[in-house]
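Here's a walk through one model, starting at a few surface and loop spots and ending at the bound ligand. Keep the structure open while you read.

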Amino acid sequence: MKDGATPEALASAPPSYDAARERIEIELLLEGVFRQYGFDFRSYAFASIRRRLWKHITAAGLRTISALQEQVLHDPVAMDRLLLDLSVNVTAMYRDPVFYQAFRQEVVPRLRTYPFIRVWHAGCSTGEEVVSMAILLEEEGLYERARIYATDINEVVLQQARTGIFPLDRMQEYTENYIRAGGARSFSEYYTARYDGALFSPALLANVVFSQHNLATDRSFAEFNVIICRNVLIYFDRTLQARVHALFYESLATFGVLGLGSKESLRLSPFEACYEPLGTSRLYRKVR
Ligand SMILES: C[S@@+](CC[C@H](N)C(=O)[O-])C[C@H]1O[C@@H](n2cnc3c(N)ncnc32)[C@H](O)[C@@H]1O
């Protein structure tokens, strides 16, 4: 910690920093990042981006946002580091277990009627959510006929996801989540302990394709029966949320299901009237 800065100050501008100039610098930095690298953070919620930028700047030993701009525009490795800090990658297996319980009850019976199932996990981070879904589908006898497309803006987290290895010290929490999500087997059957990691059965990733996809700029790439995008839209402003909802609407088959995070909903989205809720756990069925 430098100059007697408190932990609070690490994630905010120094007190003398001019607010109007700070906004200009942030907008210029985000514009530069977009034009140089194609990562579009211009429509992310401003307060959240601002906090993350200052945290990054302080940790990098820089003094101004302009200094960070200079660094990232000239050094792709610095951009990779910034990307890691701008995209919040927090995740967990069976995060919000009631969501998965509702998925089993509300969605699985509908999926049984399909010969082939396409699932898109958008913003999948390091893959915990994807393996959770693969286990659920496997237990319901649906995995064989499923293809899971798992995407994220961040290639570093995708590389981690492809390994199928998660921290061993979280397995107790994940086991509890799994049981609360309606899992009835012994959770430890699915992984082998390797040093401090839990290696999940490679069969669970056999039908999964991981690839980079940017929800802010990229287009639809297939038609899906299920789209899961949880805890991603909360970081976007209204305009970007509307763009992503248009993308999901376009990418979902009729009667396809959209699953959102516990703090996200379709309320006030331009597509609200096109879906009906399935239960109360942020699952929505496209009806028109
Ligand atoms: C908080 S994590 C959520 C992970 C998981 N869906 C869950 O709920 O546990 C948010 C993820 O969204 C990704 N993300 C952020 N902006 C994105 C964008 N424009 N396109 C695709 N993914 C994005 C981040 O890289 C991060 O991995």
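Is Ala47 buried or exposed? Ala47 is exposed, because its relative accessible area is 52% and the cut-off for exposed is over 50%. Before going further, bear in mind that this is a predicted model.

**Around helix α2**

Ala47 belongs to helix α2. If you measure across to Ser12, you'll find that the C-alpha atoms of Ala47 and Ser12 are 10.0 Å apart, with their positions 35 residues apart in sequence.

Ala45 is in the loop that runs between α1 (19-37) and α2 (46-59). Ala45 has 25% relative accessibility, so it counts as partly exposed; that class covers values between the 20% and 50% cut-offs. Pick Ser262 as a partner and the separation from Ala45 is 18 Å, C-alpha to C-alpha, for 217 residues in sequence.

**The loop between β8 and β9**

Next, go to the loop between β8 (252-260) and β9 (275-277), where Leu268 is found. Leu268 has a positive phi of about 70 degrees, although it is not a glycine. With 55% relative accessibility, Leu268 counts as exposed.

Ser269 is in the loop between β8 and β9 too. Is Ser269 buried or exposed? Ser269 counts as buried, because its relative accessibility is 10%, and buried means under 20%. Its C-alpha is 8.5 Å from that of Arg238, and the two residues are 31 apart in sequence.

**The loop between β7 and α9**

Two residues are worth a look here. Arg230 is in the loop between β7 (224-229) and α9 (238-251), and Asn231 has its place in the loop between β7 and α9 as well.

Arg230 is at 4% relative accessibility, so it counts as buried. What does the side chain of Arg230 reach at 3.1 Å? That would be the backbone oxygen of Arg95. The Arg230 side chain also reaches the backbone oxygen of Leu260, at 3.3 Å.

Asn231 is buried as well, because its relative accessible area is 11%. Its phi is near 60 degrees, a positive value in a residue other than glycine. Asn231 and Glu264 are 33 residues apart in sequence, and their C-alpha atoms are 7.3 Å apart.

**The ligand and its surroundings**

Asn231 takes us to the ligand. Which residues come nearest to the ligand? Out of the 21 residues around it, they are Tyr44, Thr91, Arg95, Asp152 and Asn231. Sorted by class, the shell is made up of eight nonpolar, nine polar and four charged residues.

Three side chains put polar atoms within reach of the ligand, as listed here.

| Side chain | Ligand atom | Distance |
|---|---|---|
| Thr91 | oxygen | 2.5 Å |
| Asp152 | oxygen | 2.6 Å |
| Glu129 | nitrogen | 3.0 Å |

In the Thr91 and Glu129 rows, the protein partner is an N or O atom of the side chain. For Asp152, it is a polar side-chain atom. How much of the ligand's accessible area does the protein cover? The protein covers 98% of the 600 Å² that the ligand has on its own. The space that the ligand takes up is the largest cavity.

**Tying it together**

If you're flipping between views, Asn231 makes a handy landmark. Asn231 is one of the residues that come nearest to the ligand, and its place is in the β7 to α9 loop. Arg95 links two parts of the story: it is also among the residues nearest to the ligand, and its backbone oxygen is reached by the side chain of Arg230.

Notes
Residues numbered from 1 in each chain as written. Predicted model: local features only at pLDDT ≥ 70, side-chain atom pairs only at ≥ 80, totals over all residues. Heavy atoms only, no water. Near = heavy atom within 4 Å. Polar contact = N/O pair within 3.5 Å; in protein donor to acceptor, adjacent residues only side chain to side chain. Areas by Shrake-Rupley, 256 points an atom, 1.4 Å probe, with all protein chains shown as cover. 1 Å grid on protein atoms, 1.4 Å probe; cavity = no way out; pocket = protein on both sides within 12 Å on 5 of 7 lines; lining within 4 Å. Sits in = over half its atoms within 2 Å of the grid points. Nonpolar A, V, L, I, M, F, W, Y, C, P; charged D, E, K, R; others polar. Helix = DSSP H or I, 4+ residues; strand = E, 2+ residues; numbered from the N terminus. Buried < 20%, exposed > 50% of the residue type's maximum accessible area, 1.4 Å probe, protein only.
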